[in-house]
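Biologist: I'm new to reading these models, so could you take me slowly through a single part, the sheet and whatever lies against it?

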Amino acid sequence: MIHRKAMTAMDTLPVSGADAPQMPRFDDGMVNMQELFRAMAESLVNEIMDAQAEDACADGNQRNGYRERRLITSVGAINLRIPKLRRGSYFPEDLLTRYSRVDRAVVAAVSEMVANGVSTRKVERVAASLGIDRMSASQVSRICESLDDIVADLQKRDLSDVSFPYIWVDATYVKCRDGGHVSSCALVTAIGAGSDGYRRLLGLDAVDTESYAGWLTFLRSLRERGVGGVLCVTSDAHEGLRRAIEEVFPGAAWQRCVVHLMRNAASCAPTRQKRGAVLAILHAVFDERDPELVRELYHLACGEIGGICPKAAELLEDAEADALAYLDFPYAHHRRLRTNNVQERANRELKRRSRVVQVFPSRKSLIRMLGAVFSEMDEDWASRRWFTEDSIAMAVSPTRPAPPKPSYDGTASEHARRIIEVVIADNPVGRRAA
């Protein structure tokens, strides 16, 4: 049936000579395959609709002309002649979607391009290369509304099927038009590691500022959708966020991201040399894995940094409990718990995809695009475990295995002193300050 129709479509093309079809060609004489497929698709679909209309007239009904309709497809725009009937109506439900002027394949392609950070102008150029002579910015926006259901499902899905011992929370700023002016809008996100070992996007939202009220509303929405069993939340040291975490997840430890802590401490130093010294000492602390050694190193580091920059030392002393909270959890989880790197990597991808847009026309469009990006990440995370089942089970177990035996000689205090002495010896600013 399909082959017969395809040949009929070829027969409708202009002919030259006796009965040979005339192929559409480029200026250099090569056959224009895209135009050939477009013409064949147009002719084939119109013939199918004619045949279906004839079947509908088998009971004595009559046809009553056509109504023209233009449909954008992946092979270009085709002109459809939908038959009209004198009694009742005919519409090819299996071929077309009512009120739609764009084929599903084009919708999927445009949505994928936008989600991958392709600008509207580039989408228009790609559409033109496909034979689509008109694809406006507003049309691209309407096409991308198909992403709304995907994002809504991501924002509202039930999360009560597993517990989430670990959560990472962060915000990234994107320019968005709101109320007639352009401002920075905070896209807040939460990523969790479930008791099954898989990562999931727990939630995302756009708020005006990273205020306590904004964070509280966001975190409460996670609880309402079933997020529970939280043992540790890792984030930057935003006071409003910290208060919201304590209120929504009582009993959960708060881990201050050590990367941000190191940057904050270094920024207190007045000169480049002193900033380098502070960072070198802190790197020596957090490069170690043994919990007892890390604690000894942290105490010594505060004293050494106090001679370089008292303000930085004061910051570190106040942050000690929160900076070292990860040491109370299973040894195998330390590297992932102590930083917000999982969020930082996601934010870099969001920035890369949103850079071409520069300013989002509305919060809805912001959530639509970046939510689609996170949906793609979430699907990727679902394909592989982040923690093994045995490993994640250690987090909720009342008895946790001891960390590996230290590889150094002597006590943790003695080894910590040796490490700090080496760092200070390699740093002249630290030596002078000491």
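Modeller: Let's start with one pair of residues: V169 has A190 in strand 6 as its bridge partner. Before going on, some ground rules: this is a predicted model, where local features need pLDDT of at least 70, side-chain atom pairs count only at pLDDT 80 or more, and totals for chains, interfaces and linings use all residues. Residues are numbered from 1 along each chain as its sequence is written, and side-chain values use heavy atoms, with hydrogens and water left out. Strands (E, at least two residues) and helices (H or I, at least four) are DSSP runs, numbered from the N terminus.

Now zoom out to the sheet. It is an open one of five strands, ordered 7-6-5-8-9, with mixed pairing; two strands pair if DSSP finds at least two bridges between them. At the edges stand strand 7 (199-207) and strand 9 (253-256), and each has a single partner strand, so one side of each has no neighbour in the sheet. On average, neighbouring strands are turned by 25 degrees against each other, direction ignored. Axes here are lines fitted to C-alpha atoms, for helices over the stretch in contact, and angles run from 0 to 180 degrees between N-to-C directions.

Let's walk through some of the pairings. Strand 5 (residues 166-178) and strand 6 run antiparallel, joined by 13 bridges. They make a hairpin with two residues between them, and in its turn G179 has a positive phi of about 65 degrees. Strand 6 also runs antiparallel to strand 7, this time with eight bridges, and G192 sits opposite R200 of strand 7. That hairpin has five residues between the strands, and G197 takes a positive phi near 95 degrees. On to strand 8 (residues 232-235): three bridges join it to strand 5, and the two run parallel. Here W168 has T234 of strand 8 as its bridge partner.

What lies across the sheet? Helix 15 (residues 363-381) lies across strand 5, strand 6 (181-193) and strand 7, and runs at about 170 degrees to strand 7.

Next, a few side chains. Buried means under 20% relative accessible area, exposed means over 50%, and partly exposed is in between (1.4 Å probe, protein chains only). C176 counts as buried because its relative accessibility is 1%, and C232, at 0%, counts as buried too. The structure holds zero disulfides, a disulfide being a pair of cysteine sulfur atoms within 2.5 Å. For C176, the nearest cysteine sulfur is that of C185, 5.2 Å away.

S183 is worth a stop as well. This serine is in strand 6 and counts as partly exposed, because its relative accessibility is 27%. Leaving out residues up to four places away in sequence, S183 touches V174, K175 and C176, where contact means heavy atoms within 4.5 Å. S183 and V359 are 176 residues apart in sequence, yet their C-alpha atoms are 8.9 Å apart in space.

So what should you keep in mind when you look at the picture? Follow the order 7-6-5-8-9 across the open sheet, then find helix 15 lying across strand 5, strand 6 and strand 7.
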